[in-house]
Amino acid sequence: MSEARPDVPRRALVPVLATGLATNVYADFMQVVVPLWALHLGASPAQIGIMIGARSVLPFLLTIHGGVLMDRLGTRRMMLVFTALTALLILLYPLAPWFPALVGLQMLTGLFANMHWVGAQTLIARLGKGDAHYLGIFAFVSRAGSIGAPVLIGLIWDLGGPWGGFIACFLIAATMFATVVAVPGWGEHGSRAEAETFARNAAAPRPFAWRDIVPRLTDYTTCFALLSIPAVALGIAVALFRHTPSTIQASFYITYLKDLGLAATAIGFLIACAEVTSAFGSLLAAAAMRRLPVHWLLIGLTGVTITLMAATPLFGGLFALLAAAQVARGLGHGLLHPAAFSIIAKALPPEAQARGVALRTTGNRLGALLLPVVMGFVAEAVGVEASFLVVGGGLLAMVLVMAVITGRSQAFRRPA
């Protein structure tokens, strides 16, 4: 029998959804503006790569620390701090046109914007009690901004130049701040009644102290201890492997298709196919989770999405097959997000939700850092075309191991 869907107050739900939308639009704006700014300054390809990669360094190292701060000091409170810092730092980009300074700005804005995204996911997890219906709506609304945001910021850059581009990024960061302000103070607890109960039963949030900035080993060990919960461990593993096809798409998929002779417009269309269907796939998660065992749904779709990306060289460069694979992969990728999110959120108490999101994000960043390097070495050894099959086969082997471990776990077996 399925659980009753929690009733989420619209007063809190709408601004939380807006927070997710604004965060993704900001990310799309920066992904376009920063490389264009680097080219405008005459940066070399290696420097551009370093600048873009710098955004993931601090999030990989410090997302767990940020999640702990949110659980300890308040999610909404910390989101306001992170977003205000992001907006202020954006204005420094055109004022500091030196490579070391830009790398530093990329690292800091990457961290603070990532923590805002962790907070937005924590808010929806608490509001919706981990229900896949609300997580799916959040994922859909968040992704909807990616459909037109890159085109919009490109137009702004063409008309207003670097200052126009960075002012647009500042304004969307300010919008992120405004959406958090719009979330009621009780929003991160789910309802006014729950917030009042929390206030009666919990100690008042202690004031911020400078020592809170310094990461603590105990915070990391307690966060990683959450992996002892089978549902959390499975959700984190699925989240990590779920992003591997997207990581390949952002690197070797594009260059491989270009080598096949596809025009940039055609490649962009193929990527858009996955982005659009991924948004709609998010809305299917709740229905799929009611009809299928969640753990097998997660593992099965993870294997399918990896297979569809790994099989790219087998499509012979036929555009129709490439498009069909992207449509199917996008649906699976979109469905996996709220499903993996939900299984983790439901396994954790409200006071550990930010740490759960931070742990999942850290896993995602780990894959984004390692996979391009591994695939690069494989491509050097066997060629780009064969690297899809080799790397895909290795990833599928790990998914198979995950399936065997899950199948043997008592935690995922229904009582007789």
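1. Partly exposed, as used here, means a relative accessible area between the buried limit of under 20% and the exposed limit of over 50%. Gly383 has a relative accessible area of 25%, so this residue is partly exposed. The model is predicted.

2. Gly383 sits in the loop that joins H15 to H16. Thr63 is 320 residues away from Gly383 along the chain, and the C-alpha atoms of the two are separated by 35 Å.

3. On either side of that loop, the axes of H15 and helix H16 (residues 384–408) come within 8 Å of each other and cross at roughly 125°. That angle makes H15 oblique to H16. The crossing of H15 with H16 is right-handed.

4. On the H15 side, this contact is made by Leu371, Met375, Val378, Ala379 and Val382, and on the H16 side by Val384, Ala386, Ser387, Phe388, Val390 and Val391. Sorted by class, the residues of the contact between H15 and H16 are 10 nonpolar, 1 polar and no charged.

5. A second helix pair is H9 (residues 230–242) with H14, whose axes come within 8 Å and cross at roughly 155°. H9 and H14 are therefore roughly antiparallel to each other, the cut-off for that term being over 145 degrees. H9 passes H14 in a left-handed crossing.

6. From H9, the residues Ala231, Val232, Leu234, Gly235, Ile236, Val238 and Arg242 meet His333, Leu336, His337, Ala340, Ile343, Ile344 and Ala347 of H14. The contact of H9 with H14 comprises 10 nonpolar, 3 polar and 1 charged residues.

7. Which residues have the most contacts inside the largest nonpolar core? They are Tyr26, Phe29, Met70 and Ile124, in a core of 62 residues. At least two residues of this core come from each of helix H1 (10–40), helix H2 (45–54), helix H3 (57–73), helix H4 (75–90), helix H5 (99–127), helix H6 (132–182), helix H14 (319–347) and helix H15 (353–382). H5 supplies the largest share, 14 residues.

8. Tyr26, one of those with the most contacts inside the core, touches Arg55, Thr86, Ile90, Thr109, Ala113, Cys169, Ile172, Ala173 and Met176, leaving aside residues up to four places away in sequence. Apart from the largest core lies another, of 55 residues, which includes Ala286, Ile306, Leu335 and Ile344. Ile344 is also one of the H14 residues that meet H9.

Conventions: Residues are numbered from 1 along each chain as its sequence is written. This is a predicted model: local features need pLDDT of at least 70, side-chain atom pairs count only at pLDDT 80 or more; totals for chains, interfaces and linings use all residues. Side-chain values use heavy atoms; hydrogens and water are left out. A nonpolar core is a set of buried Ala, Val, Leu, Ile, Met, Phe, Trp, Tyr and Cys residues joined through side-chain atoms within 4.5 Å. Buried means under 20% relative accessible area, exposed over 50%, partly exposed in between (1.4 Å probe, protein chains only). Helices (H or I, at least four residues) and strands (E, at least two) are DSSP runs, numbered from the N terminus. Contact means heavy atoms within 4.5 Å. Axes are lines fitted to C-alpha atoms, for helices over the stretch in contact, and angles run from 0 to 180 degrees between N-to-C directions. Angles under 35 degrees count as roughly parallel, over 145 as roughly antiparallel, 65 to 115 as roughly perpendicular and the rest as oblique. A crossing is left-handed if the near helix is turned anticlockwise from the far one by less than a right angle, and right-handed if clockwise. Ala, Val, Leu, Ile, Met, Phe, Trp, Tyr, Cys and Pro count as nonpolar, Asp, Glu, Lys and Arg as charged, and the others, Gly among them, as polar.
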